[in-house]
Amino acid sequence: MEENKLKLTSSEIGTLWGEYVNGTLVDVVNRYMVTIIDDETIKNIFEDAINTFEKQKNQVVTFLEKEGFPIPIGFTESDLYEGKQRLFTDIFCLNYLHIMTLHGLLGHSTALGVSVRKDLRDFYDSCDTDAKIMYHRTIELLLEKGNFQRDPLFYPAKNPEYVTSQDFTDGYFGKGRKLASTEIISISLNLKKSIMAKTLSIAFSQVAQSKDVRKFLTDSEKTADAQIKTFSKIMQGDNLPVPKSWETEVTTSTDSPFSDKLMLYHIGFLYQASQNYHGAGLASAMRTDLVTTYEATILKNLMVTKKWFDLMVKNKWLEQPPLAPNRSELAKEV
């Protein structure tokens with residue numbers, strides 16, 4: 001069938017909607033950061049990121065308009081307050097771009113997995129390619145500047161081995177084993193993302209105008225800090241290093257460069273996205289202490305996102321995605 005005769009499915013519309021809203025969020029932050037960065041090599045990569053998203057945003061708009069769907073509001077120049085004091089260091093900005101690129105890679109892969117129409121598959125293929133290029137560039141630049149945090153190193157065993165004892169799953173009573181490399185994948189990644197969430201919560205809480213938003217951000221910082229300590233303790237229990245914190249990469253500025261709506265949404269987005277990574281960690285965990293830690297973390301994040309949802313709705317900041325038709329209401333109109 002010709003692609004222009006295929007209507008976009010609900011899943012395809014949903015991915016485009018999310019691509020626009022979340023993309024415009026990060027784009028506004030990138031546009032602020034490019035104005036404060038002094039290092040020309042870092043500034044150049046941000047300029048490329050901004051230009052890349054502008055191209056992608058225009059394509060998303062075209063897809064939605066052709067299907068007759070309204071363009072989401074997302075985030076705009078009205079959410080960016082220019083001429084404000086520097087809130088982040090150059091290195092934090094680069095780390096931010098790297099972490100958000102990781103989120104983009106996951107989002108594009110998920111979107112591609114639910115896309116059927118060829119032009120949409122081609123679009124997400126190109127988005128994935130752009131994200132991979134940015135991923136490599138951010139890593140290379142972080143390595144060049146001596147700021148990329150590599151995961152712990154292991155020493156090779158002489159031969160492959162099978163699990164021979166039920167103690168393999170024990171993480172509480174001292175009979176178990178050390179962390180497996182497959183478990184450290186998620187622990188290390190979740191630590192880095194929690195560190196990012198904590199740092200942004202600290203920065204945003206310094207500049208938020210609303211008392212309710214400021215309190216939420218302060219609480220989310222404490223939640224992220226508790227999770228960092230929990231996973232760090234597990235790593236340190238096996239004499240493994242943990243990623244360094246980024247709190248000192250936030251200045252003492254109390255002059256907000258962003259709207260409260262943007263800052264609140266951003267933290268909620270990070271907590272929602274983290275559930276995917278914590279779920280993956282739970283699925284790969286084979287030690288009982290890891291399983292219970294992930295379960296508790298997921299439950300706590302659900303409580304945070306519930307408070308976030310209530311606060312977003314209270315302020316009328318939470319944009320509604322396209323909904324399935326309400327057949328009962330339609331029937332009443334006849």
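1. In this predicted model, a convenient place to begin is Phe258, which is in contact with Val28, Val29, Tyr32, Asp79, Leu80, Tyr81, Phe88, Phe204 and Met263 once residues up to four places away in sequence are set aside. Phe258 is also, together with Met33 and Phe88, one of the residues with the most contacts inside the largest nonpolar core, a set of 72 residues. Eight helices each contribute at least two residues to this core, namely H1, H2 (40–66), H3 (90–113), H4 (118–144), H5 (181–207), H6 (211–237), H7 (260–284) and H8 (288–314). A second core, separate from the largest one, holds 13 residues, among them Ile13, Tyr20, Val61 and Leu64.

2. Helix H1 deserves a closer look. With 27 residues, H1 reaches 40 Å from its first C-alpha to its last, close to the 39 Å expected at 1.5 Å a residue. Of those 27 residues, 21 are buried, so H1 is largely enclosed by the rest of the structure.

3. Leu16 belongs to this helix, which covers residues 10–36, and Leu16 is buried, with a relative accessible area of 0%. Leaving out residues up to four places away in sequence, Leu16 touches Leu8, Val60, Phe63, Leu64, Leu120, Phe123 and Tyr124. Its C-alpha atom lies 25 Å from that of Leu311, a residue 295 places away along the chain.

4. The largest pocket encloses about 1100 Å³ of space, and its lining consists of 44 residues, of which Gly18, Glu19, Asn22, Gly23 and Gly104 are the closest to its centre. Helices H1, H2, H3, H4 and H7 each supply at least two residues of this lining, with the largest share, eleven residues, coming from H1. By residue class, the lining of the largest pocket divides into 20 nonpolar, 17 polar and seven charged residues.

5. The second largest pocket has a volume of about 330 Å³, and 15 residues line it, those closest to its centre being Leu102, Phe148, Asp151, Leu189 and Lys192. Two or more residues of the lining of this second largest pocket come from each of H3, H4 and H5. The lining of the second largest pocket comprises eight nonpolar, four polar and three charged residues.

6. Is Ser201, a residue of helix H5, buried or exposed? Ser201 has a relative accessibility of 0% and therefore counts as buried, the cut-off for that class being under 20%. Apart from neighbours within four places in sequence, the contacts of Ser201 are with Leu217, Ser220, Glu221 and Ile267.

7. The geometry of helix H4 can be checked in a similar way to that of H1. The 27 residues of H4 should span 39 Å at 1.5 Å a residue, and because the end C-alpha atoms are in fact 39 Å apart, the expected and computed lengths agree. Just after H4, Gly146 takes a positive phi of about 70°.

8. Taken together, these points return repeatedly to helix H1. This helix is one of those that supply at least two residues to the largest nonpolar core, and H1 also provides the largest share of the lining of the largest pocket. Helices H3 and H4, for their part, each give at least two residues to the lining of the largest pocket, and the lining of the second largest pocket likewise takes two or more residues from each of H3 and H4.

Note on methods:
Residues numbered from 1 in each chain as written. Predicted model: local features only at pLDDT ≥ 70, side-chain atom pairs only at ≥ 80, totals over all residues. Heavy atoms only, no water. Helix = DSSP H or I, 4+ residues; strand = E, 2+ residues; numbered from the N terminus. Buried < 20%, exposed > 50% of the residue type's maximum accessible area, 1.4 Å probe, protein only. Contact = heavy atoms within 4.5 Å. Core = buried A, V, L, I, M, F, W, Y, C linked by side-chain atoms within 4.5 Å. 1 Å grid on protein atoms, 1.4 Å probe; cavity = no way out; pocket = protein on both sides within 12 Å on 5 of 7 lines; lining within 4 Å. Points joined across faces, edges and corners; volume = space filled by probe spheres on them. Nonpolar A, V, L, I, M, F, W, Y, C, P; charged D, E, K, R; others polar. Expected span 1.5 Å × (residues − 1).
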